[in-house]
Amino acid sequence: MSTAPLLGKVVIVTGGATGIGLGAAVAIAGAGGSVIIGGRNKVAGEEAAHQVARQGSTVLFRQTDVSKAPECAALVRLAREHFGRLDGAFNNAGLQREFTALHATPIEDIDDVIDINLKGTLYMMKYEAELMLASGGGAIVNNSSIFGLKAMPNLAYYVASKHGIVGLTKAAALDYARSNIRVNAICPGPIKTPSYTRVTGGDDHMYDDGVPMHRIGSPEEVAAAVVWLLSAAASYVTGTMLSVDGGMSAA
C-alpha cells in the first residue's frame with residue numbers, strides 16, 4: 001500500500017474524539033486525508049482536532065449528536081462547504097451501557113443505544129451517500145462489533161444495534177454497488193479504549209481467555225483496517241464485515 005493511500009481524500013469520522021475514532025482520525029490524516037471530526041463533547045473534540053492536525057493534514061471539528069438527523073446533515077454539509085466533496089466516512093459513534101438482562105434494561109438505555117448506534121449510522125449514511133453521489137463516489141466504513149456477528153448475554157439492546165449495522169451495511173452496499181460507493185463494516189473485538197476501561201475497571205486482561213490471540217487490541221490496529229477499507233487497495237471490497245477481533249469470530 002502507498003505510504004499516503006488517502007492523499008487528497010476528505011473523510012468524516014464520527015465519535016472521533018476518543019478511542020477507536022481518534023485512532024482512526026490520526027491514521028487517516030497520517031495517510032494523507034483531510035479529516036472532519038464529529039463528536040458530542042466540544043472540548044474533547046477540539047483537543048482531538050489539534051492532535052490529528054499534527055499529522056500535517058487539514059482537520060475540522062463540529063459538535064455533533066448523531067442521534068439527531070439535522071446535526072448529521074450539518075456535519076456532512078461542512079464537508080461540502082469547506083471541501084466541495086466527500087470521499088470517505090468512518091461512522092464510528094456509539095455507546096454501550098450496563099450489562100443487564102433484557103427485562104431489567106432501562107428504556108433510556110435501549111433508546112440511547114439504538115438512537116446513537118443504529119439510527120445515527122443510518123442518518124450519517126443517508127447524507128454521506130447523497131454527497132458522495134455528487135462527488136463521483138466514495139467509501140463508507142461503519143463500526144459494528146464482534147457482537148454484530150454473535151451474541152452476548154445481558155447485552156441484548158447493544159447486540160441488536162450492532163447486528164442492525166451489519167444488515168444496514170450489506171443493504172447499502174447493494175444500493176450503491178454500481179454508483180462507485182463502497183460500504184463495509186469493521187467488527188472489533190475487545191479494544192483498549194476509555195469505554196473498555198470503564199466496563200472492565202481498568203483490567204486489560206479481563207477478556208484475554210475469550211480471545212484466541214489472548215490479548216485485547218489497540219485503536220491503532222482497528223484504524224489500520226479502516227484506512228485499508230477506505231483506500232483504493234480495497235477497490236473490489238464492498239458489503240463485507242471485517243473482523244478485527246484476535247480470532248474471536250472464528251472460535
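**Notebook: loops and helix pairs**

I began with H214, which counts as partly exposed at 44% relative accessibility. A note to myself before going on: this is a predicted model. I placed H214 in the loop between α6 (194-200) and α7. Then I looked up its backbone: phi of H214 is near 60°, a positive value in a residue other than glycine.

**A second positive phi**

I turned next to N180, which is not a glycine and yet has a positive phi of about 65°. Is N180 buried or exposed? I found a relative accessible area of 55% for N180, and because the cut-off for exposed is over 50%, N180 is exposed. Its place is the loop between α5 and β6 (181-188).

**An aspartate in a loop**

My third loop residue was D87, between α3 (69-83) and β4 (88-91). With a relative accessible area of 8%, D87 is buried; the cut-off here is under 20%. What does the side chain of D87 reach? I traced it to the backbone nitrogen of V10, at 2.8 Å. I then listed the contacts of D87, leaving aside neighbours within four places in sequence. They are G8, K9 and V10, then M132, and then G137, G138 and A139.

**α4 beside α5**

Now for the helices. I took α4 (residues 107-135) and α5 (residues 156-175), whose axes come within 9 Å and cross at roughly 15°. Angles under 35 degrees count as roughly parallel, so α4 is roughly parallel to α5. I noted the crossing as right-handed. On the α4 side, I wrote down D109, I110, V113, I114, N117, L118, T121, L122 and M125 as making the contact. On the α5 side, the contact is made by Y157, Y158, S161, K162, G164, I165, L168 and A172. Sorted by class, I have eleven nonpolar, four polar and two charged residues in the contact of α4 with α5.

**α3 beside α4**

Helix α4 came up again, this time with α3. I found that the axes of α3 and α4 come within 9 Å and cross at roughly 30°. This crossing of α3 and α4 is right-handed. From α3, the contact takes in A69, C72, A73, L75, V76, A79 and R80. From α4, I listed G120, Y123, M124, Y127, E128 and L131. How do the residues of the contact of α3 with α4 divide? I have ten as nonpolar, one as polar and two as charged.

**α1 beside α7**

My last pair was α1 (residues 19-30) with α7 (residues 219-230). Their axes come within 8 Å and cross at roughly 55°, and α1 and α7 are therefore oblique to each other. I recorded that α1 passes α7 in a right-handed crossing. Which residues of α1 and α7 make the contact? From α1, I noted G19, I20, G23, A24, A27 and I28. From α7, I noted P219, V222, A223, V227 and L230. In the contact of α1 with α7, nine residues are nonpolar, two are polar and none is charged.

**Where to look again**

For a second visit, I would start at D87, buried in its loop, and follow its side chain to V10. After that, I would go back to N180, which is exposed, and to H214, which is partly exposed.

Methods:
Residues numbered from 1 in each chain as written. Predicted model: local features only at pLDDT ≥ 70, side-chain atom pairs only at ≥ 80, totals over all residues. Heavy atoms only, no water. Helix = DSSP H or I, 4+ residues; strand = E, 2+ residues; numbered from the N terminus. Buried < 20%, exposed > 50% of the residue type's maximum accessible area, 1.4 Å probe, protein only. Polar contact = N/O pair within 3.5 Å; in protein donor to acceptor, adjacent residues only side chain to side chain. Contact = heavy atoms within 4.5 Å. Axes fitted to C-alpha atoms, helices over the stretch in contact; angles between N-to-C directions. Parallel < 35°, antiparallel > 145°, perpendicular 65-115°, else oblique. Left-handed = near helix turned anticlockwise from the far one by under 90°. Nonpolar A, V, L, I, M, F, W, Y, C, P; charged D, E, K, R; others polar.
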